[in-house]
Amino acid sequence: MGNHTAVNTFLLWGFSSFPNLQNLLFVVIFSSHVTILLANVSIMVAIKLSHNLHTPMYFFLFGLSFSETCTTMVIIPRMLVDLLSESKTISLRECATQMFFFFGLGGNNCFILSAMSYDRYTAIHNPLHYPILMTRNFCFQLMMTSCMVGFLVSLCITIIIFNFSFCDSYTIQHFFCDILPVASLACDYNSYHAMAIFMLSAFMLVGSFILILISYIFILSTVLKMPSTKGRYKAFSTCSSHLTVVSIHYGFACYIYLRPKNISSFHEDMLMAVTYTVLTPLLNPIVYSLRNKEMQIALRKVLGSGNRFISQMINKRALNI
């Protein structure tokens with residue numbers, strides 16, 4: 001990799017265009033990050049501790065929450081450091097590593113959502129055989145496949161981009177090492193490279209979305225054959241949280257990565273990426289907790305246990321004093 005490039009470090013320009021807003025952005029993004037961590041960890045703990053949530057749907061939700069948490073950890077801590085630092089440089093290897101993990105985890109999220117749609121189809125179409133079809137081993141295999149495909153596609157994109165020769169500029173017009181802002185700095189970046197990267201991105205986003213679409217076509221076909229209105233409503237209600245998350249996730253991702261763009265659109269993409277990296281991981285646990293009574297009950301138990309633990313610790317300290 002070093003033989004192909006004259007640049008060893010990049011400058012993450014990011015929010016340098018808003019010098020007067022750096023402190024405010026730090027407070028907002030830091031608060032959002034803490035909220036994301038607390039919300040997703042609460043979801044994972046609730047699923048782990050509540051035996052009635054030990055089902056395939058919540059197994060995938062646990063995986064999605066974990067993956068979303070890791071995604072934010074790849075981007076946001078570095079963003080917060082850069083907001084307070086005058087030196088916003090990042091080494092070539094750090095940049096490649098950040099890109100690899102961000103898009104690997106992003107691809108993993110896409111295919112987990114596909115697995116969740118298949119789970120919903122199986123539950124609605126074959127409710128009697130659901131426990132036999134969606135075994136723990138099969139769910140684990142789906143989760144591992146999602147992870148492997150996501151990181152394999154990300155590895156291909158990262159290898160393509162970091163085999164370029166970076167010689168004209170080292171300023172990345174973004175707050176992290178995103179695909180096009182980095183690729184646009186290369187001397188030998190051309191339309192063939194752009195098409196290869198676009199096809200890989202489309203495979204990850206459009207490919208996983210097509211799988212979701214197929215599942216929901218079969219779900220719709222099954223639900224419309226149900227004789228009672230109450231049964232149709234109940235079947236659709238089990239999909240509402242998943243559909244909401246899919247709409248948010250793919251809406252932002254497709255707008256950022258699949259629409260035609262040029263260098264002048266980097267500023268707009270950066271602002272959208274803030275929403276995608278901060279808002280989406282925050283909305284996922286909110287959607288599932290607001291729309292799901294089982295999750296609400298489990299979260300109340302977790303929060304109640306947490307409050308009791310904190311009270312006991314405070315009381316012990318008071319007695320020791």
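**Close-up views of selected sites**

**Figure 1. Asp 82, with a relative accessible area of 8%, is buried.** The view is taken from a predicted model. Asp 82 forms a salt bridge with Arg 78, and the closest N and O atoms of this pair are 3.2 Å apart. Both residues belong to helix α2, which spans residues 56-84. Asp 82 and Arg 78 are four residues apart in this helix, so about one helical turn separates them. Side chains of opposite charge can pair when their charged atoms come close.

**Figure 2. Arg 120 and Asp 119 are joined by a salt bridge between their side chains.** The N to O distance is 3.0 Å. Arg 120 is buried at a relative accessible area of 9%, and Asp 119 is likewise buried, at 0%. A search of the whole structure gives two salt bridges. Arg 120 appears again in Figure 6, among the residues closest to the centre of the largest pocket.

**Figure 3. A disulfide links Cys 95 and Cys 177.** The two sulfur atoms lie 2.0 Å apart. The link is left-handed, with -125° about the S-S bond. Distant parts of the chain are connected by this pair: Cys 95 lies in helix α3, whereas Cys 177 lies in the loop between β3 (171-172) and α6 (179-183), 82 residues apart. Cys 95 is buried, with a relative accessible area of 0%, and the value for Cys 177, also buried, is 0%. The search of the whole structure finds one disulfide. The sulfur of Cys 156 is too far from other cysteine sulfurs for a bond, because the closest, in Cys 147, is 15 Å away. Cys 156 is partly exposed, at a relative accessible area of 32%. Cys 254 is in no disulfide either, the nearest cysteine sulfur being that of Cys 110, at 8.1 Å. Cys 254 is partly exposed, with 27% relative accessibility.

**Figure 4. The largest cavity encloses a volume of about 140 Å³.** The lining comprises 13 residues, of which Phe 103, Met 204, Leu 205, Tyr 257 and Tyr 276 are the closest to the centre. Helices α3 (92-125), α7 (191-224) and α9 (240-257) each give two or more residues to this lining. The greatest contribution, five residues, is made by α3. By residue type, the lining of the largest cavity holds ten nonpolar, three polar and no charged residues. Ser 154 is also shown; this residue is found in helix α5 (residues 136-161). Ser 154 is buried, with 1% relative accessibility. Leaving aside residues up to four places away in sequence, Ser 154 touches Met 99, Phe 100, Phe 103, Gly 104 and Met 204. Among these contacts, Phe 103 and Met 204 are also listed among the residues closest to the centre of the largest cavity.

**Figure 5. The second largest cavity holds about 90 Å³ of space.** The structure contains four cavities of 30 Å³ or more. The lining of the second largest cavity consists of Glu 68, Thr 71, Thr 72, Phe 102, Gly 106, Asn 109, His 249, Tyr 276, Thr 277, Thr 280 and Pro 281. At least two lining residues come from each of α2, α3 and α10 (266-290). Helix α10 has the largest share, with four residues. The lining divides into three nonpolar, seven polar and one charged residue. Tyr 276 lines this cavity and is also among the residues closest to the centre of the largest cavity.

**Figure 6. The largest pocket contains about 580 Å³ of space.** There are 21 lining residues, and those closest to the pocket centre are Met 57, Arg 120, Lys 234, Thr 238 and Glu 294. The elements giving two or more residues to the lining are α2, α3, α8 (229-237), α9 and α11 (293-320). Helix α8 provides the largest share, four residues. Eight nonpolar, eight polar and five charged residues make up the lining of the largest pocket. Arg 120 is buried, with a relative accessible area of 9%, and its salt bridge with Asp 119 is the subject of Figure 2.

How values were computed:
Residues are numbered from 1 along each chain as its sequence is written. This is a predicted model: local features need pLDDT of at least 70, side-chain atom pairs count only at pLDDT 80 or more; totals for chains, interfaces and linings use all residues. Side-chain values use heavy atoms; hydrogens and water are left out. A salt bridge is a side-chain nitrogen of Lys or Arg within 4 Å of a carboxyl oxygen of Asp or Glu. Buried means under 20% relative accessible area, exposed over 50%, partly exposed in between (1.4 Å probe, protein chains only). On a 1 Å grid over the protein atoms alone, a cavity is a set of points where a 1.4 Å probe fits but cannot get out, and a pocket is an open set with protein on both sides within 12 Å along at least five of seven lines; lining residues have an atom within 4 Å of a point. Grid points are joined across faces, edges and corners, and a volume is the space filled by probe spheres set on the points. Ala, Val, Leu, Ile, Met, Phe, Trp, Tyr, Cys and Pro count as nonpolar, Asp, Glu, Lys and Arg as charged, and the others, Gly among them, as polar. A disulfide is a pair of cysteine sulfur atoms within 2.5 Å. Contact means heavy atoms within 4.5 Å.
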